[in-house]
Amino acid sequence: MPDPRVAVVGATGAVGRTMIEILEERDFPLSELRLMASARSAGRVVATRWGDVAVEDLSSADPSGIDIALFSAGAGRSREFAQSFVDRGAIVIDNSSAFRMAPEVPLVVAGVNDHAAADNDGIIANPNCTTMTLMMAAGPLHHHAGLARMVAMSYQSVSGAGMTGMDTLWQQTVELGNRREALVQGGWEEGETDPFQRPIAFNVLPMAGTLTDAGHTDEEWKLVNESRKILERDSIEVEPTCVRVPVMVGHGISASMWFDSAVDPETARRVLTDAPGVELWSDERVATPLDSAGQDPVLACRIRPTIGVPGGISLWVVGDNLRKGAALNAVEIAELLI
Ligand code: A2P
């Protein structure tokens, strides 16, 4: 492909901005950059290494001439607009949940199942940020020993809920931060919590996402279904719990995994040392979300043998949900295409 013309859709959002940064950092060989968002942002000028680019209103923009479109403006916008981009010749790399489970749409974690990207009808889906982070470790281990069962608990940062998620945590931290007595003894007031169900500052929400069916959230179902699709094994038993924590950026996952045959920690460490995009940290200086923010690799530590059901391993993995969890992976998929 000659240097592609690239569009970032949702360019003013938390992930969209990171997409622009990553295209710049990686010196992505694009011949033209177009930026799109809602009518609210139309006309705003963004300085990029390819010059100043005016944001276009997605609903009236003409997608003709775009080769690769990176979508991160929510599932509704993807459902409404992605196909019209494809019809005019673009390949859409979609960060939303709109198409991830469609059988004809590949769901790609760069470095784990790159081969899947080639077989597309114009849309390639970027996995959910929590699933992506976990797959960076689970994928290589699965390829080594065959993943059979996994119990996964996520500790998800507020940026997973976009700019409003970060603004809400910041605002509540300032308000509640002045009320130390109330935080210790009670008596705090529940102000604006949107986009979360309950206050997130100085707190932990035992539920990330939206409730579905029998009490699971959509985020938990993503962990189940997307893991199986990415690892190409429908029989993997996944027990998910998704939790929101007062962290700006960086999703952590604590997981226990069992394989077709026993895997010991030493083997797991060896596999993860060789895994692309994974950095092993020591248990003396454990890897935290703060360490992951702004970093490309996913950080892993606390690799230990399972106790209750021996033969498996437990580990901790944490990654920047805006980068490998979203924008970086989308750009890496684009790199696979060129
Ligand atoms: P805008 O900033 O103009 O609202 P985040 O998840 O960080 O909040 O970002 C969401 C992104 O999706 C933003 O770029 C936002 O643009 C964009 N977006 C939201 N609603 C629409 C819409 N109706 N049409 C186009 N873009 C939208």
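## Helices on the seven-stranded sheet

Helix α1 (residues 14-25) crosses β1 (5-9), β2, β3 and β5 (68-71), and runs at about 150 degrees to β1. Helix α9 (residues 323-337) also packs on the sheet, where it touches β5, β6 (91-94) and β7, and its direction makes about 155 degrees with that of β6. Helices (H or I, at least four residues) and strands (E, at least two) are DSSP runs, numbered from the N terminus. Contact means heavy atoms within 4.5 Å. Axes are lines fitted to C-alpha atoms, for helices over the stretch in contact, and angles between N-to-C directions run from 0 to 180 degrees.

The model is predicted: local features need pLDDT of at least 70, side-chain atom pairs count only at pLDDT 80 or more, and totals for chains, interfaces and linings use all residues. Residues are numbered from 1 along each chain as its sequence is written, and side-chain values use heavy atoms, leaving out hydrogens and water.

## The seven-stranded sheet

This open sheet has the strand order β3-β4-β2-β1-β5-β6-β7, with mixed pairing; two strands pair if DSSP finds at least two bridges between them. β3 (45-48) and β7 (123-125) are the edge strands, each with a single partner, so one side of each has no neighbour in the sheet. From one strand to the next, the twist averages 25 degrees.

Strands β2 (residues 32-37) and β4 (residues 51-57) run parallel and are joined by three bridges. Ala37 stands opposite Asp57 in β4.

## The six-stranded sheet

Another open sheet, of six strands, follows the order β9-β8-β10-β13-β12-β11, and its pairing is mixed. At its edges stand β9 (237-244) and β11 (278-280), each with a single partner strand, so one side of each is left without a neighbour in the sheet. Its twist averages 20 degrees from one strand to the next.

β11 pairs with strand β12 (residues 298-305) in the parallel sense over three bridges, and Val278 stands opposite Val298 in β12. Helix α6 (residues 218-231) lies across β8 (147-156) and β9, at about 135 degrees to β9.

## Nonpolar cores and helix α3

A nonpolar core is a set of buried Ala, Val, Leu, Ile, Met, Phe, Trp, Tyr and Cys residues joined through side-chain atoms within 4.5 Å. Buried means under 20% relative accessible area (1.4 Å probe, protein chains only). The largest core has 59 residues, of which Phe85, Leu134, Leu141, Met257 and Leu315 touch the most other members. Helix α3 (residues 129-145) supplies the largest share of this core, eight residues. A second, separate core of 41 residues includes Ile93, Ala117, Val158 and Ala334.

In α3, 15 of the 17 residues are buried.

Definitions and conventions
Buried means under 20% relative accessible area, exposed over 50%, partly exposed in between (1.4 Å probe, protein chains only).
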